[in-house]
Amino acid sequence: MSFPWAKPYEPQHPLMKWMDEKLPIPRLVYNATGPGYPVPRNLNYFWNFGVLAGAALMIQIITGIILAMHYAANVGVAFNSVEHIMRDVNAGWFIRYAHMNGASMFFIVVYLHIFRGLYYGSYKAPREMVWLLGVVIFLLMMATAFMGYVLPWGQMSFWGAQVITGFFSAIPIVGEPVRQWLLGGFVPDNATLNRFFSLHYLLPFVILGVIILHIWALHIPGSNNPTGIEVKDEQDTVPFHPYYTAKDGFGLGIFLLVFVALTFFSPNMLGHADNYIPANSLSTPAHIVPEWYFLPFYAILKAFTFNFLWIDAKLWGVIAMFASIALLFFLPWLDSSPIKSSTYRPLYRWFFWVLVADVLLLGVCGMMPAEQPWVILSQLGSIYYFAHFLVILPIVSRIERPLPMPNSITEAVLAKHAPDAASVPAAA
Amino acid sequence: MVRPLGFLVGLGFITALVLAIFTTPLKNEPNVAYSFVKEPRHLKLASDGLVPHWDKAQLQRGMQVYKEVCSACHSLNLVAFRNIQDLGYTEGQVKTFAKGFQVPSVNPDTGEVATRDGLASDHFPAPYANDVAARAANNNAIPPDLSLITKAREGGKDYIYSLLTGYQNPPANLPAELKPGTGLHYNPYFPNLNLAMAKPLNDGQVTYADGTKASVDQMAKDVTAFLVWTAEPKLVKRVQVGWAVFFFLLIFTVLAYLSYRNIWADKKH
């Protein structure tokens with residue numbers, strides 16, 4: 001579906017006409033990301049991150065396929081095969097560092113994309129399905145990134161696999177058998193490495209499939225925008241191409257500049273020194289820490305230190321960690337306010353920024369050893385995280401009085417550009 | 001329905017966390033060792049920063065220190081003799097250098113285990129046949145492979161340099177339980193304070209061909225510089241390529257910005 005004023009696809013060249021009759025891919029592209037897709041005219045730079053996430057996935061898939069040509073998923077040789085890529089394969093160091101830092105860049109843009117959605121209410125009707133599919137993509141990304149980190153078979157790979165699969169052993173009765181089933185043994189070993197490699201290669205294509213659904217679901221109501229007001233008529237929109245292709249091109253340039261700086265100038269900044277030590281099941285690293293993009297959830301896991309009711313602390317932590325992501329599936333119904341954009345939500349806006357600070361705090365706590373004051377900070381941070389989504393948000397959306405809103409996107413845009421009466425010189 | 005249920009779930013988590021707060025002691029158990037561990041000292045090398053180069057004379061000296069001192073116990077598995085052309089040696093010099101090593105082989109006539117002269121394509125041979133032999137000879141501690149050591153330790157090259165120069169007598173106020181046991185040596189840069197490796201470098205231990213005075217500090221700097229190279233032989237090339245890519249993308253980004261402004265010029269947004 002699209003808006004009635006969407007420009008129809010009219011192929012001129014005989015070849016394109018022939019193609020349109022046989023397999024209308026040009027028509028699909030034209031209507032999805034070309035002049036045939038009207039988009040709100042007022043999108044700000046935060047709307048770049050969806051395209052950037054797509055670009056990051058493509059970079060990961062391309063570099064990953066090349067790495068797989070040289071990597072060997074066997075515990076005896078995996079570590080050295082990565083070093084072979086770094087030393088002997090032509091430009092292998094570049095491909096490997098790009099893939100390693102590409103994962104971080106992917107998570108950076110996806111986190112910004114998620115928080116953009118939270119701020120501007122992009123998860124609300126009529127875009128609930130877009131949000132739900134987005135959470136599915138996020139979960140798949142986490143699984144993929146975790147398994148990818150295991151592949152170099154360094155110390156952190158091994159012990160990360162040990163700790164993360166250990167979560168399942170917290171489940172009563174079936175936990176330990178489930179863990180052994182996932183690992184293919186009692187500890188991470190060759191069976192684990194092989195299946196993780198297989199799944200690490202598979203899941204990105206599953207992500208690609210869900211992204212297609214994500215975009216499909218988005219194209220039915222069309223993009224949200226910073227006012228949160230739905231498109232009313234043609235002057236509220238511009239065609240995606242050339243307006244947003246140009247803007248996304250600029251955004252892509254900035255993204256790549258940051259990516260390049262990280263990859264070429266400080267490629268190990270976000271990694272752990274321990275992962276340059278080959279995996280050793282007899283030597284536990286002093287601090288087992290996940291990659292930075294998992295740290296807030298790791299902090300939530302570690303925050304539960306008390307056996308409450310009949311559930312022990314470890315199981316509480318595991319349940320809470322999964323719940324902290326799973327609750328995002330319910331967000332469209334937890335927030336009952338009809339107002340989307342935080343621009344017009346004076347109360348929610350404050351809590352949004354507290355949530356941002358809270359997630360950053362949890363990230364720091366996740367990185368720190370289990371010592372005070374980090375334990376109590378992660379406990380307080382986790383309290384706010386759950387309170388924000390499950391207690392505060394439903395109440396705020398009920399009691400909040402929204403600010404006056406413009407009638408349309410165009411009205412909001414024109415008001416922004418109208419000369420401010422106070423600042424106009426008297427002579428003008 | 002979602003909201004009341006969510007509210008109850010939220011209360012459950014919050015209660016568990018509040019109870020956790022009240023049952024977790026606010027004081028950390030004191031760790032005396034912490035106060036004796038020192039932060040590594042910074043080592044400035046030519047390969048640092050955004051315009052790095054290899055100081056080949058230093059790398060050659062560093063390799064000499066590795067060969068004459070470290071290689072008695074530490075392997076360098078990931079480095080091949082052919083790689084040391086990066087250090088400024090000619091192909092002929094590499095072949096001669098490789099020939100000076102005996103590498104494991106099999107007798108081509110009998111199939112028995114044997115050794116032969118090293119070739120440029122061989123890697124540096126390891127000092128011990130296996131981990132058991134390494135343990136047996138080193139007070140039950142396996143000397144780690146040094147190929148990646150500057151990337152495989154917190155603090156990187158600074159840590160390696162500090163460790164090599166950091167051997168000293170334990171301070172008088174060191175608690176008895178932290179004093180080095182038999183076969184252990186005190187070094188405040190080592191996270192556990194005491195390590196199995198004895199002080200490896202002493203003044204004048206090697207004789208540099210270029211006449212550089214072989215002080216402990218100089219040898220430590222040189223061998224650390226060498227180990228930065230072994231950990232990432234493509235480091236300098238990486239940064240150089242990085243600048244080319246960066247400027248290329250900068251031009252792309254400027255053009256993309258201008259075309260964005262141009263296309264949007266007539267559209268208020």
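## Conventions

Helices (H or I, at least four residues) and strands (E, at least two) are DSSP runs, numbered from the N terminus. The model is a predicted one, in which local features need pLDDT of at least 70 and side-chain atom pairs count only at pLDDT 80 or more, while totals for chains, interfaces and linings use all residues. Residues are numbered from 1 along each chain as its sequence is written, and chains are lettered from A and ligands numbered from 1 in the order in which they are written.

## Chain B as a whole

Chain B contains eight helices and four strands, arranged along the sequence as α-α-α-α-β-β-α-α-β-β-α-α. Its C-alpha trace spans about 80 × 65 × 45 Å along the principal axes, and its radius of gyration is 27 Å, where a compact globule of 269 residues would have a value near 18 Å; the radius is taken over C-alpha atoms, and the globule rule is 2.2 Å times the number of residues to the power 0.38.

Of the 269 residues in chain B, 29% count as buried (20 or more other C-beta atoms within 10 Å of the residue's own, with 12 or fewer for exposed and partly exposed in between, the C-beta atoms being placed from the backbone). Among contacts in chain B with a separation of 6 or more, 63% join residues 24 or more positions apart, a contact being two residues whose C-beta atoms, placed from the backbone, lie within 7 Å.

## A buried phenylalanine in chain B

B:Phe81 lies in the loop between α3 (56–68) and α4 (91–99) of chain B, and B:Phe81 counts as buried because it has 22 C-beta neighbours inside 10 Å. Leaving aside residues up to four places away in sequence, B:Phe81 touches B:Val94, B:Phe97, B:Ala98, B:Gly118, B:Ala120 and B:Asp122. The C-alpha atoms of B:Phe81 and B:Lys99, which are 18 residues apart along the chain, are separated by 9.8 Å.

## The contact between the chains

Chain A contributes 50 residues to the contact and chain B 48 residues. On the side of chain A that touches chain B, α4 (78–87), α10 (240–265), α12 (313–326), α13 (331–334), α15 and α16 (409–417) each supply at least two residues, and the largest share, 14 residues, comes from α10(A). That side of chain A divides into 36 nonpolar, nine polar and five charged residues, with Ala, Val, Leu, Ile, Met, Phe, Trp, Tyr, Cys and Pro counted as nonpolar, Asp, Glu, Lys and Arg as charged, and the others, Gly among them, as polar.

## Helix α15 of chain A and its partners

Helix α15(A) packs with helix α1 (residues 2–23) of chain B at an angle of about 165 degrees, the axes being 9 Å apart; axes are lines fitted to C-alpha atoms, for helices over the stretch in contact, and angles run from 0 to 180 degrees between N-to-C directions. The two helices are therefore roughly antiparallel (over 145 degrees, as against under 35 for roughly parallel, 65 to 115 for roughly perpendicular and the rest for oblique). Residues making this contact include A:Phe386 and A:Leu390 of α15(A) and B:Phe13 and B:Leu17 of α1(B).

Within chain A, α14 (residues 346–367) and α15 (residues 374–399) pack at about 155 degrees with axes 9 Å apart, and these helices are therefore also roughly antiparallel to each other. By class, the contact of α14(A) with α15(A) has 14 nonpolar, four polar and one charged residues.

## A covered helix

In helix α11 (residues 295–303) of chain A, nine of the nine residues are buried, including A:Phe297, A:Tyr298 and A:Lys302. The cover over the buried residues of α11(A) includes α12, α14 and α15 of chain A together with α1 of chain B.
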